[in-house]
Amino acid sequence: MKISNYTNEQIILITITILTGFGLVIMYSASSIIAMNKFNNYLFFFIQQIKWIIIGAILMLAISRINYQYLNKIVYLLIFLSWVFLILGYFFKGSNPAARWLVIGGRSWMTTSDFARISMIIFTAFFIEKNKNKLDNWKYLCFNFTPIISIGLLLILFQPDTSTAIVIGFIIMIMLFIAKANWKYLFGVLAFSFFGIFIKIITTPHALIRIINWNDNQKIQSLNALGTGGILGSGLGDSIIKNGFLPEVHTDFILPIIGEELGFLGIFLLFTLFWFLFNRILLITKEAPDIFSIFLIIGISTSIMSYFIINSAYVIGFAPTTGLPMPFISYGGSHTIFTLISLGIILNIARRSKLGRNTYYR
């Protein structure tokens, strides 16, 4: 059946399903040996990931049925809750030295920045629509937008999670740039941010080490795996590098496993699927009912592609290791769930776009 016979909503949902299924297979292949050595169960990580996918899929489908305009009414509640979760992470972090995870009862419940990221995207889209005639006023932006966003970003920055704070800041700047916010404000924020991040990195030992040791043994092993795969790969499940030669192969460094087992064709398929999803999501903006929905699409799609591109970049040595997971592919609970939740918003906008602009008043 031709692709034109499907709605954009259906095409996006099918692509999400394919990416999730592809990621689940690869994640199992990458994690099975680690799971056996650590838990005496090849399926441990696989079963956990299925649970998170089911939770995320249920929430995605539920949110796709709720009018996205409802987010306008609870945007400040979402921002406040994101601050609460981030602050709780400082006090309930278990044995973790960092406050990135909310650990209660010895169990990690979520990566707090995942909720904060989607909340800040929603708030930025809300702010752009509500203040579309004031975006050229840098003073208004400084006093009405910057403080709210800065609280969340600073709480993430000092977890410490410098890379996530940078990525969320980048997403927000892209949204403001497309919205044609005052250029003096954008330039000032960028200059101040670069200076602040520079100071943070040089005063944070582990961050500085990552910059200095840009291409460490992880990168070398990663590139070896990618090179070993050739065009067709060694075959699904036949990776050698995952046998203790490369840590975090089921999370941060899962791309080399794809390259080794499925070769260049596997990598090409993955990149094609992500690019196709990105393009189909952006197509919704042509019929989006309002400014709020347009910038929700821009923010969410930029978020997904930023994580994908940055993960790919540091795996092949084009960027320092950041620890950012690859959407749909890497093992992880809250990131998987919140990625699917954000796509539920996209699906809802796609459905509302078919109904016409008057859905804005429903």
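## A hairpin to start with

Let's begin with the strands. Strand β1, residues 101-104, pairs with strand β2, residues 107-111, in the antiparallel sense, and four bridges link them. One of the matched pairs is easy to look up: Leu102 has Met110 in β2 as its bridge partner.

The two strands make a hairpin, with two residues between them. Look for Gly105 in that turn, where phi is positive at about 65°.

## How far to trust the picture

Keep in mind that this is a predicted model. The protein chain has an average pLDDT of 90, and 94% of its residues reach at least 70. Confidence peaks in helix α4 (residues 112-130), with a mean of 97, and is lowest in helix α9 (residues 205-212), with a mean of 71. Over residues 356-362 the pLDDT falls below 50, and this stretch has ten contacts in the model beyond near neighbours in sequence.

## A greasy spot on the outside

Now for the surface. Five residues, Ile87, Phe91, Phe92, Ile104 and Trp109, form a nonpolar patch there. Together they offer about 560 Å² of accessible area.

Take Ile87 as a sample member of the patch. Ile87 sits in helix α3, which covers residues 70-91. Is Ile87 buried or exposed? Neither label quite fits: its relative accessible area is 40%, so Ile87 counts as partly exposed, a class that runs between the 20% and 50% cut-offs.

## Two loops with an unusual phi

Which residues have a positive phi although they are not glycines? Asn40 is one of them, with a phi of about 55°. Asn40 lies in the loop that links α1 (8-39) to α2 (44-63). The relative accessibility of Asn40 is 60%, so this residue counts as exposed.

Lys180 is another, with a positive phi of about 65°. Its place is the loop between α7 and α8 (183-202). Lys180 is exposed too, because its relative accessible area is 71% and the cut-off for exposed is over 50%.

## A cis bond before a proline

One more backbone detail deserves a look. The peptide bond that joins Gln159 and Pro160 is cis, with omega at about 5°. To find the spot, go to the loop between α6 (146-157) and α7 (162-178), where Pro160 is located.

Notes
Residues are numbered from 1 along each chain as its sequence is written. This is a predicted model: local features need pLDDT of at least 70, side-chain atom pairs count only at pLDDT 80 or more; totals for chains, interfaces and linings use all residues. Side-chain values use heavy atoms; hydrogens and water are left out. Patches are made of residues with over 30% relative accessible area and no salt bridge: like charges are joined within 9 Å, nonpolar side chains (Val, Leu, Ile, Met, Phe, Trp, Tyr) within 5 Å. Accessible areas come from the Shrake-Rupley method with a 1.4 Å probe; for residues, only the protein chains shown count as cover. A salt bridge is a side-chain nitrogen of Lys or Arg within 4 Å of a carboxyl oxygen of Asp or Glu. Buried means under 20% relative accessible area, exposed over 50%, partly exposed in between (1.4 Å probe, protein chains only). Two strands pair if DSSP finds at least two bridges between them. pLDDT is the predictor's confidence in each residue, from 0 to 100. Contact means heavy atoms within 4.5 Å.
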